[in-house]
Amino acid sequence: MGLLVALFTGFASGADWRSASHAPVGLAPEPAATPEAVIQVYGARVWGLKGLFGVHTWVAVKPTKAKHWTVYEVIGWRLRWSDSVVVVSDRDPDARWYGNAPELYAEKRGAGVDEMIARVDKAARSYPFAQEYGLWPGPNSNTFVQAALDAVPELKAVLPPTAIGKDYPYRGAWFGLTASGTGVFASLGGYLGLTVGWVEGIELNFFGGVLGLDLRRPALKFPGLGRIGVPLAP
């Protein structure tokens, strides 16, 4: 209870979202000093009280010899003035998300990454829910990133249990192979689900909350709290 009170106080007393920081935190290499191709997956707690439970995720890429990063993400409120929630921008990949510091979930550099970047771009531009957004159980920003990760199984990226919406059936299937190809999943519209795989671990999805066990990088997974154990990325 003390932990929840502390978290509540921290989120409730945070700065106004309009003045919240979007400064980079130093997790992404400078393009000028990094000629090789790089792909990274990030996430950060969302602004306000919703941040007690969930994160916003995105994919950042830098092709070989590119002079800037490209970030792929979904922003739901864009539907107020646009016909698509998908955003492709050159913002800082490791920027704070309305004051909250991002966490690096996965990264790959060098040979083969340019081809992976092309697949991520194709997945983003063919995202089936570009004109839809649902905070819970989806489709939302985490649904989008999970769909992009499905296109690059060799990245072996896994979103944390706080990425609510990642289990939304974006492929239209209620069961099948996991994004990594190392396991299977079953989903009841994103409300209930079970995932078992070497990369994904064991996850029970109960109305968006994920309880599970990471097998590859030993950790426990809890709704709201996230992972307790070995980090997803160094």
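This tour goes through a predicted model in a few stops, each with something to select and something to look for.

**Stop 1: the aromatic rings**

Begin by showing the side chains of Tyr-42, Trp-58, Trp-77, Trp-97 and Tyr-98, which together form one aromatic cluster. The structure as a whole holds 10 aromatic pairs. A pair of aromatic rings is described by the distance of the centres and the angle of the planes.

Now select Trp-58 and Trp-97, whose rings make a tilted pair with 6.1 Å from centre to centre and 35 degrees between the planes. This pair links distant parts of the chain, for Trp-58 lies in strand 2 (residues 55–62), while Trp-97 belongs to the loop between strand 4 (86–89) and strand 5 (103–109), 39 residues apart. Both Trp-58 and Trp-97 are buried.

Next, select Trp-77 and Tyr-98, and ask why this pair is called edge-to-face. The ring centres of Trp-77 and Tyr-98 are 6.1 Å apart and their planes stand at 70 degrees, and planes over 60 degrees apart count as edge-to-face, so the pair receives that name. Here too distant parts of the chain are linked, with Trp-77 in the loop between strand 3 (70–74) and strand 4, and Tyr-98 in the loop between strand 4 and strand 5, 21 residues apart. If you colour by accessibility, Trp-77 is partly exposed, with a relative accessible area of 37%, whereas Tyr-98 is buried, at 15%.

Before leaving the cluster, add Arg-91 to the selection, and you will find its charged end over the ring of Trp-58, 4.5 Å from the ring centre.

**Stop 2: strands 6, 7 and 8**

Move on to strand 7 (residues 183–188) and look at the direction in which each side chain points. In a regular strand the side chains alternate between the two faces of the sheet. In strand 7, Gly-183, Phe-185 and Ser-187 point to one face and are buried, while Val-184, Ala-186 and Leu-188 point to the other face and are not buried.

Then bring in the neighbouring strands. Strand 6 (residues 175–177) pairs with strand 7 in the antiparallel sense over 3 bridges, and strand 8 (residues 192–197), also antiparallel to strand 7, is joined to strand 7 by 6 bridges. Phe-185 is a useful landmark, since you can follow it to Gly-176, which stands opposite it, and to Thr-195 in strand 8, which also stands opposite it.

Finally, look at the two turns. The hairpin of strand 6 and strand 7 has 5 residues between the strands, and Gly-181 there takes a positive phi near 80 degrees. The hairpin of strand 7 and strand 8 has 3 residues between its strands, and Gly-189 in the turn has a positive phi of about 65 degrees.

**Stop 3: helix 2 and helix 3**

Select helix 2 (residues 113–125), whose 13 residues should span 18 Å at 1.5 Å a residue, which agrees with the 18 Å between its end C-alpha atoms. Which residues of helix 2 are buried? They are Val-113, Met-116, Ile-117, Val-120, Ala-123 and Ala-124, and they cover an arc of only 125 degrees around the axis, which puts them on the same side of helix 2. Turn to the other side, and you will see Lys-122 and Arg-125, which are exposed. The buried residues of helix 2 pack against several elements, among them strand 1 (38–45), strand 5 and helix 3 (141–150).

End with helix 3, which is mostly covered, as 9 of its 10 residues are buried. The buried residues include Phe-144, Val-145 and Leu-149, and what covers the buried residues of helix 3 includes strand 1, strand 2, strand 3, strand 4 and helix 2.

How values were computed
Residues numbered from 1 in each chain as written. Heavy atoms only, no water. Phe/Tyr/Trp six-rings, centres within 6.5 Å; stacked < 30°, edge-to-face > 60°. Helix = DSSP H or I, 4+ residues; strand = E, 2+ residues; numbered from the N terminus. Buried < 20%, exposed > 50% of the residue type's maximum accessible area, 1.4 Å probe, protein only. Lys NZ or Arg CZ within 6 Å of the ring centre and 35° of its normal. Pairing = 2+ DSSP bridges. Expected span 1.5 Å × (residues − 1). Arc of directions from axis to C-beta. Contact = heavy atoms within 4.5 Å.
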